[in-house]
Amino acid sequence: NAEVARLRRRVLLWGTAIVCLAAIAYLIMWSQGYRDPRVPLGAAFLLLIAITQMARRELKKSYKGIVVQRVVKALGNGLAYSSTSTFSKNHFHEMDLFDKRATRWKSEDEIRGRKDPVSYSVHEIRASYMEGSGKHKREVIIFQGVIIRLDFNKHFAGHTVILTNSQSQILGGLFGESTSRKGKHLVRLENVEFEKQFSVYGTNDQEARYILTPKLMELVMEAQRLLGTHGDLRFSFHDNSMFVTIPERTDRFEVGLFGAKVTPETVMGDLAEVVRLAERLVETLD
């Protein structure tokens, strides 16, 4: 918080000085017959943006280097943190959990851990694309949040995905639940409560039922209740990895220059629950 206050003061002081200089410059221009204020105001605005961005970059570096490192270490279990992520856009598309392909991609912040023989990682991701043209062009967010990845020593023969029923209808068809999705077909299970909330699609029925044990289905429903505050969770089993997407509205690993005071609670959020979910998935999948 002291670092935030220091950088905030610097921005405000520079901002005050720049505004004063812009006003003086405009008075001089006015005295010489030039009445258009756009030049001094535009220059002042650009300088303010540049100074603010420099302060934000400095704060981001110190926050991730000090606060986030300490938080991850405090979670225990030998966790390691990196401000860069190894999760690629190809990984995102190969999960087959979204109906749009990302043309704009941001992948940063990675927490790595290990539970028994299984390694896992948590990544912060923002995937989007642009639509429209000209002044109507806008960014459409496909996914923003964290993705859990579990890497097993065992290769999945097929590709299985779990979506909530509302997502299934949007992705699979507009007229009720579709029986297929991108080469996968709907897999029927025996857990009535689970099927009220989720739909499972897979290329291999037998493997999908083998993966989705009663314990795993209970854990998926519990994870949705606990971490689905900002949107529905999605699950994918592909190659030798399992993926879980958890939507979020804000950048978990950054702090605002003019935001609220930083507290242990705001820094932690539900990060402990995310890490615990990764470890419980390892235990449940065995």
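Which residue stands opposite Tyr-201 in β8? Leu-186 does. That pairing sits in a predicted model. The strand around Tyr-201 is a good place to return to once the whole chain is in view.

Start with the overall fold. The chain holds 9 helices and 10 strands. Its radius of gyration is 24 Å, whereas the globule rule gives 19 Å for 286 residues, so the chain is more spread out than a compact globule. The C-alpha trace spans about 85 × 45 × 30 Å along its principal axes. Contacts reach far along the sequence. Of those with a separation of 6 or more, 65% join residues 24 or more positions apart.

Next, the surface and the charges. Buried residues make up 43% of the 286 in the chain. The accessible surface comes to about 15900 Å². Carbon and sulfur atoms account for 56% of that area. There are 41 positive side chains and 33 negative ones. The centres of these two sets lie 9 Å apart.

Now go back to strand β8, residues 198-202. Is this strand enclosed or open to the outside? Buried means under 20% relative accessible area, and 5 of its 5 residues meet that mark, so β8 is largely enclosed by the rest of the structure. In a regular strand the side chains alternate between the two faces of the sheet. In β8, Phe-198, Val-200 and Gly-202 point one way. Ser-199 and Tyr-201 point the other way. Residues on both sides are buried.

Which strands pair with β8? One is β5, residues 160-164, which runs antiparallel to β8 over 5 bridges. Another is β7, residues 184-187, also antiparallel to β8, over 3 bridges. Tyr-201 takes part in both pairings: its bridge partner is Val-161, and Leu-186 stands opposite it as well.

Step just past the strand to Thr-203. This residue lies in the loop between β8 and α6, the latter being residues 205-211. At 41% relative accessibility, Thr-203 counts as partly exposed. Leaving aside residues up to four places away in sequence, Thr-203 touches Gly-158, His-159, Gly-183, Lys-184 and His-185. Thr-160 is 43 residues from Thr-203 in sequence, yet their C-alpha atoms are 6.7 Å apart.

Two backbone angles deserve a look. Most residues other than glycine have a negative phi, and most peptide bonds are trans. Asp-109 has a phi near 65 degrees, a positive value. Asp-239 also has a positive phi, near 55 degrees. Where do these two residues lie? Asp-109 is in strand β2, residues 104-115. Asp-239 is in the loop between β9 (234-238) and β10 (241-247). Their accessibilities can be set side by side. Asp-109 is buried, at 0% relative accessibility. Asp-239 is partly exposed, with a relative accessible area of 34%.

Finish at helix α7, residues 214-227, which contains Glu-222. Glu-222 has a relative accessible area of 30% and is partly exposed. What separates the C-alpha atoms of Glu-222 and Leu-277 in space? The distance is 9.7 Å, although the two residues are 55 apart along the chain.

Key:
Residues are numbered from 1 along each chain as its sequence is written. This is a predicted model: local features need pLDDT of at least 70, side-chain atom pairs count only at pLDDT 80 or more; totals for chains, interfaces and linings use all residues. Side-chain values use heavy atoms; hydrogens and water are left out. Helices (H or I, at least four residues) and strands (E, at least two) are DSSP runs, numbered from the N terminus. The radius of gyration is taken over C-alpha atoms; the globule rule is 2.2 Å times the number of residues to the power 0.38. Buried means under 20% relative accessible area, exposed over 50%, partly exposed in between (1.4 Å probe, protein chains only). Contact means heavy atoms within 4.5 Å. Accessible areas come from the Shrake-Rupley method with a 1.4 Å probe; for residues, only the protein chains shown count as cover. Lys and Arg count as positive and Asp and Glu as negative; His and the chain ends are not counted. The place of a charge is taken as NZ of Lys, CZ of Arg, CG of Asp or CD of Glu. Two strands pair if DSSP finds at least two bridges between them.
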